[in-house]
Amino acid sequence: YLLEARLKQALKHGRLSLHYQPVIDMDSGMLTGAEALVRLADDGQAVGPQAFIPVAEAAGLIGELGEWVVREACRQHDAWLAAGLKVSIAINVSPLQFREKGFAEKMKRIILDAQIEPSFIQIEVTESAVMENIDEAIAILNRIKSLGVKVALDDFGTGYSSLSHLSSLPLDKLKVDQSFVRRIGCDHSSQLVTEAIIALGRSLKLEIIGEGIESEDAFLYLKEHGCNHAQGYWLSRPLPADQFAEWCTQQI
Ligand code: G
Ligand code: G
Ligand code: MN
Ligand code: NA
């Protein structure tokens, strides 16, 4: 399979890169972090992670790819720090990677190697990944949290969370799924779901991130309803590291 061969080559020769999408505090407008999003950086046709992550999973390459992403994010955090820019970085973890034996230990190793402050790293796990086996998920998340790494529940609202399970998960943040946020202003029921998610998250003392914000209207709506952090094309698309740093300096 073509994409699989291409991925293997990219991993072997370091032809992957991370793009970074800013996340800001809704009240102050200050940067609160960046979400790292992996890209294939070879000279083949552009293919996004939506297409190649499932291939990496099926081919047994996701462990290696995921490890590269964590290492690269730590390296970039350190490079920005040296340049006077303190950026928390959120890393997407696929369900398979999350359940791979020794995942938390691997994270620990990488963070120790990189000598960075663990609280500047956050993992994003999807609701469906976590709810599949709740007791196992809680155990893994507790190990991650004990390292000092932050945890966000991604794509919230699309899976099948039971509310009692949600309250038993050791989480820091909740990301409202883009499908609701993008329909703010044109679909009343999406607004109601968004409001309910924010209220639920806040009652569990979680910080709420609204992602997929594509308009000022959506931004203001979320802010008014108690959302804490904002992410989306209206603020910035995911950017290569150098452009991200530039974006940050223009914000000040
Ligand atoms: O920008 P976007 O096209 O980057 O990402 C599409 C999807 O791919 C999203 O669901 C995102 O969570 C996922 N994704 C992006 N980067 C990574 C990564 O490094 N690891 C995993 N597991 N998923 C990622
Ligand atoms: O599944 P996850 O939440 O990790 O998805 C991140 C994906 O969302 C990335 O592909 C990123 O490029 C994309 N994304 C981020 N902001 C927006 C936005 O405002 N609109 C749309 N359509 N996609 C967005
Ligand atoms: Mn994400
Ligand atoms: Na998401």
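The legends below describe close-up views of a predicted model of a protein chain with bound ligand.

**View 1. Confidence of the predicted complex.** For the protein chain of this predicted model, the mean pLDDT is 95, and 100% of the residues reach 70 or more. For the complex, the predictor gives an ipTM of 0.98, together with a pTM of 0.97.

**View 2. Backbone at D155, a residue of strand 5.** The strand that holds D155 covers residues 150-156, and at D155 the backbone takes a positive phi of about 55 degrees, although this residue is not a glycine. Because 18 C-beta neighbours lie inside 10 Å, D155 counts as partly exposed.

**View 3. Backbone at K205, in the loop between helix 10 and strand 7.** The loop that contains K205 is preceded by helix 10, residues 188-203, and leads to strand 7, residues 207-211. K205 is not a glycine, yet its phi is positive, at about 65 degrees. With 8 C-beta neighbours inside 10 Å, a number that falls under the cut-off of 12 or fewer, K205 therefore counts as exposed.

**View 4. Residues surrounding ligand 2.** The shell around ligand 2 is made up of 13 residues, of which G212, E214, G232, Y233 and P238 are the closest. Sorted by class, this shell around ligand 2 holds 4 nonpolar, 5 polar and 4 charged residues.

Methods: Residues are numbered from 1 along each chain as its sequence is written. Chains are lettered from A and ligands numbered from 1 in the order in which they are written. This is a predicted model: local features need pLDDT of at least 70, side-chain atom pairs count only at pLDDT 80 or more; totals for chains, interfaces and linings use all residues. Helices (H or I, at least four residues) and strands (E, at least two) are DSSP runs, numbered from the N terminus. A residue is buried if 20 or more other C-beta atoms lie within 10 Å of its own, exposed if 12 or fewer, and partly exposed in between; C-beta atoms are placed from the backbone. pLDDT is the predictor's confidence in each residue, from 0 to 100. A residue is near a molecule or strand if its C-beta atom, placed from the backbone, lies within 6 Å of it. Ala, Val, Leu, Ile, Met, Phe, Trp, Tyr, Cys and Pro count as nonpolar, Asp, Glu, Lys and Arg as charged, and the others, Gly among them, as polar.
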